[in-house]
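Reader: I'd like to learn how to read a ligand site and the cysteines in a model like this one. Can you walk me through it?

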Amino acid sequence: MSEVIIVDDEAEASKIVSDLLVKSIIKNPELVLGLATGSTPLGVYKLVAESIKEKHVDVSGVRGFALDEYVGLSKMHQESYHFVINSNVTEPIGLTPENVHVPDGDESTIEQAGAEYEKLIKASGGVDIQILGIGTDGHIGFNEPGSSLSSRTRIKTLTEQTRLDNARFFNDVDEVPRHCITQGIGTILEAKHLVLMAFKSTKSKAVADALEGPISAFCPASALQLHPHTTVFIDHAAAALLKNTDYYKWVYKNKPDWQGW
Ligand code: F6R
């Protein structure tokens, strides 16, 4: 069972998660971070960057692996996840660019790109803390409904819903690529600690299906129920369709300091 924390707002969750990341980096200067893109983790990345500067933390040895990338967008395209990770994570936090990896969405090498990415993650020793968002259809990474729960990094076709959801980042929905390369659900589940965040009512159905529904490929995030160490941060709107909220609140209220994250 995931630890479910219902927060007042996104700012509260971002503060807790950024503190967790900074403390973890101080404890392990070679920490391997799993990085989600999208809107949800942006507050976390901003706070981590501020805290790292303020505390003069050495991040030169920290490694990072993004979850996914669009296929066919140039790495220089402002919405490519290479660009997004560089401008929201690598540069502001001051990570060493060679230590930060994003799956390669170049069409000419796409057939090998998944296996190569898996090798890189393995060679790093595996992801220590994986930051996750969730799609309105329950996807994690870009593992759309129907994805195998043991899948590895590979090419996927985005659903129309995900393309519509992500159209806000582009001039027009037609510019949103139809294909992506994403860590598989099996890959994500190998990270040592999964931290999922979800805010606003648009995520409430996906959150309820993921946390309290059956484990099913039709809600890829439900695979988190299989992981021994998952922490979920949601606001009241995203928690609206959950049944067990009284218990989640009770557990959080009684969380002992020694338990940590
Ligand atoms: C992106 C990713 C996706 C997003 C999800 C939510 O790397 O893995 O699963 O986390 O689409 O996106 P936002 O945060 O924009 O609502």
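Author: Sure. Start with the idea of a polar contact: a pair of N or O atoms within 3.5 Å. Keep in mind that this is a predicted model.

Reader: Okay, so how far is the polar side-chain atom of Asp 68 from an oxygen atom of the ligand?

Author: That distance is 2.7 Å, with the polar atom belonging to the Asp 68 side chain. Thr 37 does something along those lines, placing a polar side-chain atom 2.6 Å from a ligand oxygen. For Thr 40, an N or O atom of the side chain sits 2.4 Å from an oxygen atom of the ligand. As for cover, the ligand on its own has 410 Å² of accessible area, and the protein covers 94% of it.

Reader: Which residues come nearest to the ligand?

Author: There are 15 residues around it, and the nearest are Thr 37, Thr 40, Asp 68, His 139 and Gly 141. By type, the shell has eight polar, four nonpolar and three charged residues. The ligand takes up the space of the largest pocket.

Reader: Now the cysteines. How many disulfides does a search of the whole structure find?

Author: First the general idea: a disulfide is a covalent bond between the sulfur atoms of two cysteines. To count here, the two sulfurs must be within 2.5 Å. The search of the whole structure turns up zero. Take Cys 180: its nearest cysteine sulfur belongs to Cys 219, 17 Å away, and Cys 180 is in no disulfide.

Reader: Is Cys 180 buried or exposed?

Author: Buried means under 20% relative accessible area. Cys 180 has 0% relative accessibility, so it counts as buried. Cys 219 is buried too, at 7%.

Definitions and conventions. Residues are numbered from 1 along each chain as its sequence is written. This is a predicted model: local features need pLDDT of at least 70, side-chain atom pairs count only at pLDDT 80 or more; totals for chains, interfaces and linings use all residues. Side-chain values use heavy atoms; hydrogens and water are left out. A residue is near a molecule or strand if one of its heavy atoms lies within 4 Å of it. A polar contact is a pair of N or O atoms within 3.5 Å; within protein, one must be able to donate a hydrogen and the other to accept it, and residues adjacent in sequence count only if both atoms are side-chain atoms. Accessible areas come from the Shrake-Rupley method with a 1.4 Å probe; for residues, only the protein chains shown count as cover. On a 1 Å grid over the protein atoms alone, a cavity is a set of points where a 1.4 Å probe fits but cannot get out, and a pocket is an open set with protein on both sides within 12 Å along at least five of seven lines; lining residues have an atom within 4 Å of a point. A molecule sits in a cavity or pocket if more than half of its atoms lie within 2 Å of its grid points. Ala, Val, Leu, Ile, Met, Phe, Trp, Tyr, Cys and Pro count as nonpolar, Asp, Glu, Lys and Arg as charged, and the others, Gly among them, as polar. Buried means under 20% relative accessible area, exposed over 50%, partly exposed in between (1.4 Å probe, protein chains only).
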